[in-house]
Amino acid sequence: MSLAPPRRYARAGPFSIKVFERMKMRGFVAGVAVLVAVATVAPTAANASEDAAAAAFETMSFQDKLTVCAACHGAKGISEMPGTPSLAGQPVNFTEYQLIFFRYDQRRNEAMTPYGRPLTDEDIQKFGAYFAALPPPPAAPDNDPTATKAGKDLENGHCEVCHLRTGKGDTPRLDGQREDYFVKAMQDYKGGVRSGRGLGVMPEIADGMSDAEMRELAHYFAVQTGH
Amino acid sequence: MKRGGTCLAIAGVSTVALAIVLGAATAQAASPPPATGPAYDVQTSNFWLHPPDDWWRAGENEAQKGLVPIPGQPIPTSLADDEKIATQIKVPPGFKVSVWASGVPQAREMAWGDKGTLFTGSDVSGIISAITTDANGKRTVKTVLKGFMHDTGVAFMDHTLYVADPWKIYAWENPEDRLDSLGDLKDAKVVYADFTHYGPHNWKVLIPDPADHALFVNVGTPCSLCIPPPDAGQMRKIYPATGIAELAATGIRQVVGGAVDPRTGKLWFSENGSDWLGDDFPSDKLEFVDKWGSNFGFPYCLEGDKPEAIYGKLHPCSDFVPPIVNLGAHKAPLGMMFYQGHQFPSEYAWNIFLAETGSWNRHTKTGYDVVRVMVDADGKNPKEVPFATGFNQGDTVLGRPVDVIQAPDGSILVSDDQSSTIWQISYVGEANTAAK
């Protein structure tokens, strides 16, 4: 009996235009500059639009780069954008490793890959420290105690063994994370879009989960305050 | 089926099974204290092929509860900090430590190309770095391949770069002519992939045997202490030209370093012993494959002469080959080399240098050094002494040595995947070193 190696993820499509729209609303000059560069390139040429976004991002100061992050991940690292994770309070090593994976193409995401490519080690260290220091997301109000109980029964100690509630380690904090992002992440692991670290344990875990189970766990973690 | 449920199997199934085989159990050598970790059943293909992320906790007990592997640094230590660390590494009189290359992400096993390029792999960064030196001696580090899972094995032989990911060995011919265009991993040539996809201890090292155009590679036992499946716990000799593999040695737990002695053509390797059996037991080992197909005793006999508490009942130590040196427990010995240069004083000729990356499963840190072993080519008269120490200062880890390789000038290079640095140890003569 043999196990396929962790699956590689699908190629990303053209750079998403939705980020451009949101940043125009907020009037972030730096972000608009990046995305104007993207929008002027033929949208079907995935590499060309990525190259343009990466080139523009690379020349920015760290503060301006943070502005670009905030446009999607929220001003205090607490995301109000569907499908985009909160980063506040994530362990230093976790954030750094994800950025490294975007840089080395270990993980592909149409919104993130152009920003990951030009990152220097210094950028990555600063991002890691910055997000780790932000107050973590508060627990969401619990509008579905039934789902919370179902999620808690599913969790039953299996997740917190690695997803430590101490703020340490390399594994991401799950408490207070957006429910829709949690489900997206599990779907990405299940569908081979994302492989995660090490032995591919997350794809294995996600593979055995139903959609309902993913939603219940997502809801359970969203309403936790954690550490 | 929820995967979580399969992780937490009932405790003691494997012990019960073994007891049936052994008949009435009697007390053996001292057993470890009561278990406190997750109740994983390690003697099953479910554990080997679908391991939980904390598979290394299997066997955790009261005495050693709370010890965890050291997290790898995602980002290289800065050059300025590296230069400070270099002053803290202690070496014998006449030797000097310097930074050969900084910012080499998670530098692991090293190999020289034909044209002066040094290649090295990485841990989960999944990249190959190439370090070139220009006419003025300036070094440039660049990423030339990416997308690996855990590419700890790198070798260069017959004009070809070989890289071992856990379950595949890849090859690129004449890479130095096209460093900027080695291509995507998905298009790369695979010369060997006949590995079962075990999880624990699946990372590989490649030990070239240029005289035979072959590579020795480890297949680690997929647990800390269990009877390995018959296709693991061994060293294979692989011929990339044909894809043929031979079974060179068995009865081995995990190997992440070795060298072929060119004087004899025989394989030497370092072996990492079990965790959770105590701070000072069992010892890691330096092994010599004097007879082809030797069995080194794991899990039945530890340290060459100590029957293991449970498995020792199955086979006596006299059935197995003892180590050349017991290095001490939890040193985590990795890469090694035979010194063949002329920069070091003549008493260093043919000595073994061995990198010990250092402990995680011990209350006070040990290893975190490079040791020197003086031994005859037939394995007789071994003597081990420290060579470069100070990579840990008490509980603080400055760096973790992984591999050693000789440089063209006769100095030695030491890769370090914690600080992401390649250190250089040179002999400059006692008159030229500042008093320590």
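Contact here means heavy atoms within 4.5 Å, and the structure above is a predicted model.

Q: What makes up the surroundings of B:Val104, leaving aside its neighbours within four places in sequence?
A: B:Val104 is in contact with B:Thr120, B:Ser129, B:Ile131, B:Val141, B:Ser420, B:Thr421 and B:Ile422, once neighbours within four places in sequence are set aside. The residue itself is found in the loop between strand E1 (95–101) and strand E2 (110–112) of chain B. B:Asp416 is 312 residues away from B:Val104 in sequence, yet the C-alpha atoms are 8.9 Å apart in space.

Q: Why is B:Val104 called buried?
A: Its relative accessible area is 0%. Buried means under 20%, so B:Val104 counts as buried.

Q: Why is H4(A) called oblique to H7(A)?
A: Helix H4 (residues 62–73) and helix H7 (residues 121–133) of chain A pack at an angle of about 55°, with axes 12 Å apart. Roughly parallel needs an angle under 35 degrees, and roughly perpendicular runs from 65 to 115; the angle of about 55° fits neither, so the pair is oblique. The crossing is right-handed.

Q: Which residues make the contact between these helices?
A: H4(A) brings A:Phe62, A:Lys65, A:Leu66 and A:Cys69, while H7(A) brings A:Asp123, A:Lys126, A:Phe127, A:Tyr130 and A:Phe131. They divide into six nonpolar, no polar and three charged.

Q: Where in chain B does pLDDT stay under 50?
A: Residues 1–17 of chain B are one such stretch, with 29 contacts beyond four places in sequence. Residues 19–29 of chain B are also below 50. Where pLDDT is low, the predicted coordinates should not be read in detail. Chain B as a whole has a mean pLDDT of 91.

How values were computed: Residues are numbered from 1 along each chain as its sequence is written. Chains are lettered from A and ligands numbered from 1 in the order in which they are written. This is a predicted model: local features need pLDDT of at least 70, side-chain atom pairs count only at pLDDT 80 or more; totals for chains, interfaces and linings use all residues. Side-chain values use heavy atoms; hydrogens and water are left out. pLDDT is the predictor's confidence in each residue, from 0 to 100. Axes are lines fitted to C-alpha atoms, for helices over the stretch in contact, and angles run from 0 to 180 degrees between N-to-C directions. Helices (H or I, at least four residues) and strands (E, at least two) are DSSP runs, numbered from the N terminus. Angles under 35 degrees count as roughly parallel, over 145 as roughly antiparallel, 65 to 115 as roughly perpendicular and the rest as oblique. A crossing is left-handed if the near helix is turned anticlockwise from the far one by less than a right angle, and right-handed if clockwise. Ala, Val, Leu, Ile, Met, Phe, Trp, Tyr, Cys and Pro count as nonpolar, Asp, Glu, Lys and Arg as charged, and the others, Gly among them, as polar. Buried means under 20% relative accessible area, exposed over 50%, partly exposed in between (1.4 Å probe, protein chains only).
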